[in-house]
Amino acid sequence: MDAGAGGRGDREGHRGAVLANPDLDDPARAAGLEQAASRPPRHRTRPGGHRQVGEKGVAAHKKSARRRGAWICFQDESGFSLLPVVRATWAPRGQTPVLTHRFSWKRLSMSGALAYRPDRSEAVFVFGIKEGAYNTASLIEFLTALHEHLDGQKVTLIWDGLPAHRSNDMKAWLTTQRHWLHVEPLPGYAPDLNPMETVWGNVKARELANLCPDTLDEAHTAAQTGLERVGSSYQLCFNFLDHTGLSL
């Protein structure tokens, strides 16, 4: 892990930084342009799921974390490939941008965790990038590194219902970690309650937007650059949380 402003240590394969309040970063502003990406997700009809009920459940998890003196940690995974993440861009009038790529489905996966103090005094972002998909074994490795990055302190982990999160091996491992780790599932069909979803959208709208890499190394470098950008800003981390409508 690479530590940012908080200087929390080094672990190979995982990078982290201490952070605090996101402006949902503007990919066009740096070039002096009006923003044309990183919009809030559109509302879609989903089976089941009730945001108000979900918010109450998350609020209960936060109260429990406060009593335990634990970090509140939102975790999620995402992926990308050599195929470009197509986003709106700018070009001279009459010159339509053309993306030329290798049409390769080789994939990299990202695992990330945004951790917050219940009193909003501190935020930490930790991430990992690997080839292929995250499974139970690699997620256990990620959570172990997260624990070390947080100096062995207690964590309330909030994540979704990914099969690897619910596997028998994961359940068995979690049983042995109860002295520091308490896990709570996100409500079904409520990705908008996880600030990590906005992290992925932000990076894919900037560093990965319209990128046509020739190799996985090029894609890895771009993703890492974006995640390290997030990991260098206290403002971004808390803005991603505020974007969910949740409070600590």
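This section describes the aromatic pairs, the nonpolar cores, the cysteines and one helix of a predicted model.

Aromatic contacts are considered first. The structure holds 3 aromatic pairs, and in one of them the rings of tyrosine 116 and phenylalanine 238 have their centres 5.3 Å apart, with an angle of 45° between their planes, so that the pair is classed as tilted. This pair joins distant parts of the chain, since tyrosine 116 belongs to strand 3 (residues 107–116) and phenylalanine 238 to helix 7 (residues 234–243), the two residues being 122 residues apart. Both tyrosine 116 and phenylalanine 238 are buried, and ring pairs link these two residues with Phe74 into a cluster. A contact of another kind involves tyrosine 134, over the face of which lysine 130 lies at 5.5 Å from the ring centre.

Tyr116 also appears in the nonpolar interior. The largest nonpolar core has 33 residues, and those with the most contacts inside it are Leu114, Tyr116, Phe125, Val199 and Leu227. Two or more residues of this core are given by each of strand 2 (71–81), strand 3, strand 4 (123–131), helix 5 (195–205), helix 6 (216–230) and helix 7, with helix 6 providing the largest share, 6 residues. Apart from this core lies another, of 22 residues, which includes Cys73, Tyr134, Leu150 and Leu174. In soluble globular proteins, nonpolar side chains tend to be buried together.

The cysteines can be treated briefly. Cysteine 73, a member of the core of 22 residues, has 0% relative accessibility and therefore counts as buried; cysteine 237, likewise at 0% relative accessibility, counts as buried too. With a disulfide taken as a pair of cysteine sulfur atoms within 2.5 Å, the count of disulfides in the model comes to 0.

Helix 2 (residues 136–149) was examined along its length and at its ends. Its 14 residues reach 20 Å from the first C-alpha to the last, which is close to the 20 Å expected at 1.5 Å a residue. Helix 2 is mostly covered, as 10 of its 14 residues are buried; among them are Leu139, Ile140, Phe142, Leu143 and Leu146, together with the polar residues Thr136, Ser138, His147 and His149. At the N-terminal end of helix 2, asparagine 135 acts as a cap, with a side-chain oxygen placed 3.2 Å from the backbone nitrogen of alanine 137. Just after helix 2, aspartate 151 adopts a positive phi of about 60°.

Terms used:
Residues are numbered from 1 along each chain as its sequence is written. This is a predicted model: local features need pLDDT of at least 70, side-chain atom pairs count only at pLDDT 80 or more; totals for chains, interfaces and linings use all residues. Side-chain values use heavy atoms; hydrogens and water are left out. Rings of Phe, Tyr and Trp (its six-membered ring) pair if their centres lie within 6.5 Å; planes under 30 degrees apart count as stacked, over 60 as edge-to-face and the rest as tilted. Helices (H or I, at least four residues) and strands (E, at least two) are DSSP runs, numbered from the N terminus. Buried means under 20% relative accessible area, exposed over 50%, partly exposed in between (1.4 Å probe, protein chains only). A charge sits over a ring if NZ of Lys or CZ of Arg is within 6 Å of the ring centre and within 35 degrees of the ring normal. A nonpolar core is a set of buried Ala, Val, Leu, Ile, Met, Phe, Trp, Tyr and Cys residues joined through side-chain atoms within 4.5 Å. The expected span of a helix is 1.5 Å times one less than its number of residues. A polar contact is a pair of N or O atoms within 3.5 Å; within protein, one must be able to donate a hydrogen and the other to accept it, and residues adjacent in sequence count only if both atoms are side-chain atoms.
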